[in-house]
Amino acid sequence: MKTIVGNLCAGCVILSLLFVGCGRQQSGNNTDGQKEIYITSCLFPENASADEKARLAAHVVPSERQLEWQKMEFTCFICYGVNTFTDVEWGTGKEDPSVFNPTELDARQWARTAKEAGMKMILLTCKHHDGFCLWPSAYTDFSVASTPWKEGKGDLVRDVADACKEYGLKFAVYLSPWDMNHPDYGTEKYNYYFVNQLTELLTQYGRVDEVWFDGACGEGPNGKKQEYDFMRYYTEIRRLQPQAVIAVMGPDVRWVGTESGYGRDTEWSVLPAAASSLASIAESSQQEAGSGTFLPEGNKMAQDLGSRSLLTDAKGAIWYPSEVDVSIRPGWYYHASEDSSVKTPQKLIDIYYSSVGKNSLLLLNLPPDKRGLIHENDISSLMNMQRILGKTFEKNLLENAVLSSGKTTELTDNDLETYWQGSGEANTLEISFKDEQIFDRLLLQENITEGQRIEHFALECLTSDGWQTVAEGTTVGYKRILRFAPVRCNKARIIINGARDVPQLSEIGFYKASEEEI
Ligand code: FUL
């Protein structure tokens, strides 16, 4: 990761305490081909014009941890706990812990499933809103230690962390700030309890790559709501696991704003700095999620978070990328009644295009059942999704083409830092296929290690009627995949007709979708 910022860095500072401990305040001169980049944030000079603000925003880049996170693309969420056994989505904190009694629990089956599906990490609900802990915390009895499972000797966090290691997956922890069980909830003492639990999770199980703080927040057993000391939580995470991103109620990863699986068509990873304020994060983070059921499909989320006009009114810009969380079933927890409503492979594929294909990371929930296993129906859908997508993306037709820029290898090498760069004036890349090709998917990736820049692009193909626009899109970012009706041609061109600065394309792919996608 580069750490150089350019000569405008006088105006660039760490924008808020959210970034405490990141060591991201860099300085340097833009000489000798050094790159003008602002790692995670940039404060605009007072008199900057709208165009200059957009240009500066186009040089804000992810931190190393954010970049590593983004590259995972597809990760696994495991919601498991007393809810699995009481058959509800939200518990009460008053459950008898003895209800937690899986008969065949096998965390290795979870990890094996995630691995085979192409997922790169498992995020485990170590503690959900009910307060029940999947590890034997020294700070509460409301945990696996008070259950019949393994006669109270079990530690599910350890089982999952170990299984992740065995299968080469990253491991992440979900620790619900809301706790319906703890008597101190709603008082300052709870912040100590929470930090103690966080410390257990971040010191006893090896490397952790993401910490997920849910925005859902309600009353505790004493009827009080908690004022969370998020700054303290962040400081501890940075100290104990500096590589871990902090998601949702945190500074590194943004909740997309829906639990449907469908992200925005225009998804900027660079947002006006105000988006990083805790109040604004909270506002869009299910604070008032209410009933505890998942939010209905199509629930409202703001469509414009990062346009030029929003930047014009901003004091600075931050790198704050989007994560799409969705469950393979209607609910987040396992319910036998939902065994026949597991999302189909085709639905999961549609979700993939609408999340990973729209500059977001996909966090797909696979809730294990009462046995402690991921259900056969879920595995079948997931593996079919993976198999079909594998077929679609098996062969990049660009490998059999000549580009107007000369090289194709840098655009098919899976390396963000080798790229084709527009000239600023003419941002068109022409592709001549060796033979006529049929394709219906276009995959683009920007070199986000130098910033997200593209605002609009089009794909044109040379047909017997001349150049025809086949597909158009707005943002690209880390990854964008467009779907369109199959086109047959031997010449195509990608025209970038809106960009905040010189565009850099790292990867380009032309594919023909497997028939099984639809
Ligand atoms: C929501 C929670 O209320 C759900 O129970 C679930 O954990 C989901 C991932 O986030 O805010």
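This is a guided tour of a predicted model, moving from its eight-stranded sheet to packed helices, a buried serine and a smaller sheet.

Residues are numbered from 1 along each chain as its sequence is written. Because the model is predicted, local features need pLDDT of at least 70 and side-chain atom pairs count only at pLDDT 80 or more, while totals for chains, interfaces and linings use all residues, and side-chain values use heavy atoms, with hydrogens and water left out.

**The eight-stranded sheet**

Select the strands of the open sheet whose order is β8-β7-β6-β5-β4-β13-β12-β9, with parallel pairing; helices (H or I, at least four residues) and strands (E, at least two) are DSSP runs numbered from the N terminus, and two strands pair if DSSP finds at least two bridges between them. At the edges you will find β8 (245–248) and β9 (254–255), each of which has a single partner strand, so one side of each is left without a neighbour in the sheet. Moving inward, select β4 (residues 74–78) and β5 (residues 121–127), which run parallel and are joined by three bridges; Phe77 has Leu123 in β5 as its bridge partner.

**Helices on the sheet**

Next, show helix α5 (residues 156–167), which lies across β5 and β6 (170–175) and runs at about 175° to β5; axes are lines fitted to C-alpha atoms, for helices over the stretch in contact, and angles run from 0 to 180 degrees between N-to-C directions. Helix α7 (residues 230–240) also packs on the sheet, where α7 touches β7 (210–213) and β8, and its direction makes about 165° with that of β7.

Now add helix α4 (residues 107–116), which packs against α5 at an angle of about 40°, with the axes 8 Å apart. That makes α4 oblique to α5, since angles under 35 degrees count as roughly parallel, over 145 as roughly antiparallel, 65 to 115 as roughly perpendicular and the rest as oblique. Residues making the contact (heavy atoms within 4.5 Å) include Trp110, Ala111 and Lys115 of α4 and Val160, Ala163 and Tyr167 of α5.

Centre the view on Ala111 in helix α4, which counts as buried at 0% relative accessibility; buried means under 20% relative accessible area, exposed over 50%, and partly exposed in between (1.4 Å probe, protein chains only). Leaving aside neighbours within four places in sequence, Ala111 is in contact with Ile122, Ala163, Cys164, Tyr167 and Leu169. The C-alpha atoms of Ala111 and Cys76 are separated by 9.1 Å, although these residues are 35 residues apart along the chain.

**Ser327 in β12**

Return to the sheet and select Ser327 in strand β12 (residues 322–327), which counts as buried at 3% relative accessibility. Its side chain reaches the backbone oxygen of Gly331 at 2.7 Å, and a polar contact of 3.0 Å joins the side chains of Ser327 and Asn365. A polar contact is a pair of N or O atoms within 3.5 Å; within protein, one must be able to donate a hydrogen and the other to accept it, and residues adjacent in sequence count only if both atoms are side-chain atoms.

**The three-stranded sheet**

Finally, select the open sheet of three strands in the order β2-β11-β10, with antiparallel pairing. Here β2 (41–43) and β10 (270–272) stand at the edges, each with a single partner strand, so one side of each is left without a neighbour in the sheet. Neighbouring strands of this sheet are turned by 20° against each other on average, direction ignored. Between β10 and β11 (residues 316–319) there are three bridges in the antiparallel sense, and Pro272 has Ala317 in β11 as its bridge partner.
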